[in-house]
Amino acid sequence: MNLSRISLRPFKLSDADDFLKWASDDKVTRYLRWNTITSREEALAYIEKFAIPHPWRQSICLDDQSIGYVSVKPEQGDDTCRAHVSYVVSAEYWGQGIATEALRMAMCRVFKELSGLVRIEALVEVENKGSQRVLEKVGFLKEGLLRKYGYCKGEIRDMFIYSFLSTDKIM
Ligand SMILES: CC(C)(COP(=O)(O)OP(=O)(O)OC[C@H]1O[C@@H](n2cnc3c(N)ncnc32)[C@H](O)[C@@H]1OP(=O)(O)O)[C@@H](O)C(=O)NCCC(=O)NCCS
């Protein structure tokens, strides 16, 4: 994969068909908090109601075709110094360095674009080895194991917490 083909940009309603391609795949949504979607209407509603108004959600694009997202959501009030990151790539493109590249691009931009942000956190299920590797490759620090921390798809799960500070070096 020539990683110069990867870019980040805001979502558009016209991404609905591309979004539906991967968001309808249980393998992809398994570790995400939202459920697999099944129709173009749901895809459009998701983009319109969540992706576009989101404080910082970028479509991961391959030659401008939407194949996933990277999202950074700041906490509210006094805690806007801290944000949560999540990302996903269509299964068709797994294992080609795309999530790592997209997360690196996001870390280069987001501290400049969200004022006051100093810490980005990621919570990853213990079984999600691919996601842990992505975070480690970009330079996130594994801070520990949070036991029975997060509810996802019918179960309360143990999760690793990782962080990246505005002063950390992107690897
Ligand atoms: C996790 C995910 C984003 C990885 O995307 P990707 O584009 O395949 O990741 P990359 O190609 O950049 O891989 C980075 C590293 O992880 C490794 N990796 C990827 N998937 C892996 C897996 N299932 N098991 C072990 N290692 C894996 C790759 O080999 C690579 O390491 P290397 O360079 O040392 O070989 C993708 O699998 C996905 O979208 N999963 C579903 C959504 C999800 O889990 N999101 C994260 C929620 S916390």
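In this predicted model, the end C-alpha atoms of residues 6-167 sit 25 Å apart, and that span is 31% helix and 36% strand. The stretch is worth picking out since UniProt, in an unreviewed entry, places the feature "domain: N-acetyltransferase" at residues 6-167.

Zooming out to the protein chain, there are five helices and seven strands. Read from the N terminus on, the elements run β-α-α-α-β-β-β-α-β-α-β-β. The C-alpha trace spans about 40 × 35 × 35 Å along its principal axes. As for the radius of gyration, a compact globule with 171 residues would have a value near 16 Å, and the protein chain comes in at 15 Å, which agrees. Buried residues account for 30% of the 171 residues. Sequence-distant pairings also feature in the contact list: of the contacts between residues at least 6 apart in sequence, 61% join residues at least 24 apart.

Now for the ligand. A shell of 22 residues surrounds the ligand, and the closest are Trp94, Ala99, Thr100, Gly130 and Arg133. Two or more shell residues come from each of β4 (82-89), α4 (98-113) and α5 (129-138). Of the elements, α5 gives the most to the shell, with six residues. By residue type, the shell around the ligand breaks down into 11 nonpolar, eight polar and three charged.

Helix α5 deserves a look of its own. Its buried residues are Ser131, Val134, Leu135 and Val138. These four cover an arc of only 95 degrees around the axis, so they end up on the same side of α5. The general geometry helps here: an α-helix has 3.6 residues a turn, so residues three or four places apart point the same way. On the other side of α5, Lys129 and Arg133 are exposed. Arg133 has already come up as one of the residues closest to the ligand. The buried residues of α5, for their part, pack against α4, β5 (119-125) and β7 (155-165). Helix α4 thus turns up twice, as a packing partner of α5 and as a contributor to the shell around the ligand. After α5 comes Gly139, which has a positive phi, near 115 degrees.

Over at helix α1 (residues 16-23), the buried residues are Ala16, Phe19, Leu20, Trp22 and Ala23. The cover over them includes α2 (26-29), α3 (40-51) and β3 (65-74). Trp22, which is found in helix α1, counts as buried because 21 other C-beta atoms lie within 10 Å, against a cut-off of 20 or more. Leaving aside residues up to four places away in sequence, Trp22 touches Val28, Ile67, Gly68, Ser90 and Ala91. By contrast, Gly77 is well off from this spot: the C-alpha atoms of Trp22 and Gly77, 55 residues apart along the chain, are separated by 34 Å.

Strand β3, part of the cover over α1, also holds Lys73. With 15 C-beta neighbours inside 10 Å, Lys73 counts as partly exposed, a label for residues that fall between the exposed limit of 12 or fewer and the buried limit of 20 or more. Beyond the residues up to four places away in sequence, Lys73 touches Pro55, Ala83 and His84. Measuring across to the residue after α5, Lys73 and Gly139 are 19 Å apart in space, C-alpha to C-alpha, and 66 residues apart in sequence.Two loop residues round things off with backbone angles of interest. Asp64 has a phi near 70 degrees, a positive value in a residue other than glycine. Asp64 lies in the loop between β2 (57-62) and β3, and counts as exposed because it has 10 C-beta neighbours inside 10 Å. Lys153 is not a glycine either, yet has a positive phi of about 50 degrees. This lysine, Lys153, lies in the loop between β6 (141-152) and β7. With 14 other C-beta atoms within 10 Å, Lys153 is partly exposed.

Terms used: Residues are numbered from 1 along each chain as its sequence is written. This is a predicted model: local features need pLDDT of at least 70, side-chain atom pairs count only at pLDDT 80 or more; totals for chains, interfaces and linings use all residues. A residue is near a molecule or strand if its C-beta atom, placed from the backbone, lies within 6 Å of it. Ala, Val, Leu, Ile, Met, Phe, Trp, Tyr, Cys and Pro count as nonpolar, Asp, Glu, Lys and Arg as charged, and the others, Gly among them, as polar. UniProt positions are given in the numbering used here, feature names are shortened, and annotations may be inferred rather than shown by experiment. Two residues are in contact if their C-beta atoms, placed from the backbone, lie within 7 Å. The radius of gyration is taken over C-alpha atoms; the globule rule is 2.2 Å times the number of residues to the power 0.38. The arc is that of the directions from the helix axis to the C-beta atoms.
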